[in-house]
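Q: Hi! Could you walk me through this model? I'd like to go from the overall layout down to single residues.

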Amino acid sequence: MVSLDEDQYFFDNLRLPADVPKKGKKVKEVNPSNVLFLVIFRRKLWFNVIPGKDLVADLIFHFPQEVPRYLRGYHSCTKEDMFNLGGLLFRVAVDSDRSQFVMIPRMLNELIPADQIGLISPEDWKKNIISSYNRQSGITVQEAKIAFLTEISSWPTFGSSFFDVKQTCEPDYPAILWFTISKKGVSLIDPKSK
C-alpha cells in the first residue's frame with residue numbers, strides 16, 4: 001500500500017511500484033501496462049464533513065469508509081441505532097426487493113456490528129430490521145447511504161481512524177486498545193466497553 005506523494009502527480013505515483021524491484025528478486029524489465037493496480041481513494045482528514053452537503057464525496061468516500069468501521073464495532077451505539085442502521089444497510093444491499101427478507105439472518109455480518117450480533121437471536125434481528133426497513137420505505141439507495149451517514153455523524157467517533165494496538169506499560173488498561181485519531185484529537189478506547 002502506497003500513499004499518494006504530495007509533490008507528485010497521480011499517475012506518477014501509479015508508476016512507482018512498477019519501478020521499484022522487490023528485494024531478493026532478479027531485476028528485469030517490467031512493462032507498467034502489465035502491472036495490475038487497485039486504487040483506493042480514502043479521506044484521511046475528516047474536517048468539516050457534513051453528510052448531505054457533498055453527495056459525491058458522501059457516496060464515493062464517506063459511506064464506503066464508515067460502513068466497515070461500523071461493522072467492525074468501532075462505534076458505541078444502542079440497539080435502536082443498530083436496528084435503524086441495519087434497515088438502511090439492508091436497503092442499500094437489496095433496494096426495494098422484499099423477497100430478500102429471508103436472507104437477513106445470513107446477512108447479519110453486513111448489517112450489524114460484529115461484536116453485537118450475538119446480543120439477540122437472528123430472528124429478533126430480522127424482525128427489528130424489517131420493521132426499521134418498512135419505516136424507511138420510499139427512500140432510494142443513495143438516500144439510505146446519506147441517512148446512514150447522517151445518523152452516525154453525531155457520534156464522537158465518526159470519521160476517526162482506528163488502529164488496534166497492544167500496550168504493555170499501563171497495568172490499569174486492557175492489553176489491546178484502539179488508538180483513534182480524529183479532528184478532536186487522539187484517544188485510547190477499550191474495545192470491550194468502548
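**Layout first**

A: Happy to. From the N terminus on, the elements of the protein chain run α-α-α-α-α-α-β-β-β. Keep in mind that this is a predicted model.

Q: How many helices and strands is that in the protein chain?

A: There are six helices and three strands.

Q: And what share of the 194 residues is buried?

A: Buried residues make up 33% of the 194 residues in the protein chain. As for contacts between residues at least 6 apart in sequence, 55% of them join residues at least 24 apart.

Q: Okay, let's do the strands. How do β1 and β2 run relative to each other, parallel or antiparallel?

A: They run antiparallel, with six bridges joining β1 (residues 161–166) to β2 (residues 176–182). To pick out one pair, F162 has T180 in β2 as its bridge partner.

Q: What about β2 and β3, how many bridges there?

A: Five bridges, and these two strands run antiparallel as well. One pair to look at is W178 with I189, the latter in β3.

Q: What joins β2 to β3 along the chain?

A: A hairpin, which makes the connection through two residues.

Q: Switching to the interior. Which residues touch the most other members in the largest nonpolar core?

A: Y70, F90 and F148 do, in a core of 31 residues. At least two residues of this core come from each of α2, α3 (79–94), α4, α5 and α6 (141–152).

Q: Which of those helices gives the most?

A: That's α3, with seven residues. As a general point, nonpolar side chains tend to be buried together in soluble globular proteins.

Q: What does Y70 touch?

A: Leaving out residues up to four places away in sequence, the partners of Y70 include M82, L85, G86 and L89. Also among them are L111, I112, P113, F148 and W155.

Q: F148 again! Which residues of α6 are buried?

A: In α6, the buried ones are A144, I146, F148, L149 and I152. They pack against α2 and α3.

Q: And how far does α6 reach from its first C-alpha to its last?

A: It reaches 17 Å with twelve residues, close to the 16 Å expected at 1.5 Å a residue.

Q: Now charges. How many salt bridges does the structure hold?

A: Two. In one, E66 pairs with R69, and the closest N and O atoms are 2.7 Å apart. Both residues lie in helix α2 (residues 55–71), three residues apart, which is about one turn of the helix.

Q: Is that pair buried or exposed?

A: Buried on both sides: E66 has 0% relative accessibility, and R69 has a relative accessible area of 5%.

Q: What's the other salt bridge?

A: K194 with D115, where the closest N and O atoms are 2.7 Å apart. K194 lies in the segment after β3 (185–189) and D115 in the loop between α4 (104–107) and α5 (122–135), so the pair ties together parts that are 79 residues apart in sequence.

Q: How accessible are K194 and D115?

A: K194 is partly exposed, with a relative accessible area of 26%. D115 is partly exposed too, at 39% relative accessibility.

Q: I also noticed K126. Where does it lie, and what is the nearest side chain of opposite charge?

A: K126 lies in helix α5. The nearest side chain of opposite charge is E123, 4.2 Å away, and K126 is buried yet has no salt bridge. That 4.2 Å falls outside the cut-off, because a salt bridge here needs the nitrogen within 4 Å of the carboxyl oxygen.

Q: So what is K126 in contact with?

A: Setting aside neighbours within four places in sequence, K126 contacts F101, V102, I104 and P105.

Q: Tell me about I104, then. Which helix is it in, and is it buried or exposed?

A: I104 lies in helix α4. It is buried, with a relative accessible area of 0%.

Q: Which residues is I104 in contact with?

A: Beyond its neighbours within four places in sequence, I104 contacts F90, L111, K126, I129 and I130. F90 is one of the core residues that touch the most other members.

Q: Last one: how far apart are I104 and W125?

A: They are 21 residues apart in sequence and 8.0 Å apart in space, C-alpha to C-alpha.

How values were computed:
Residues are numbered from 1 along each chain as its sequence is written. This is a predicted model: local features need pLDDT of at least 70, side-chain atom pairs count only at pLDDT 80 or more; totals for chains, interfaces and linings use all residues. Side-chain values use heavy atoms; hydrogens and water are left out. Helices (H or I, at least four residues) and strands (E, at least two) are DSSP runs, numbered from the N terminus. Buried means under 20% relative accessible area, exposed over 50%, partly exposed in between (1.4 Å probe, protein chains only). A nonpolar core is a set of buried Ala, Val, Leu, Ile, Met, Phe, Trp, Tyr and Cys residues joined through side-chain atoms within 4.5 Å. Contact means heavy atoms within 4.5 Å. The expected span of a helix is 1.5 Å times one less than its number of residues. Lys and Arg count as positive and Asp and Glu as negative; His and the chain ends are not counted. Two strands pair if DSSP finds at least two bridges between them.
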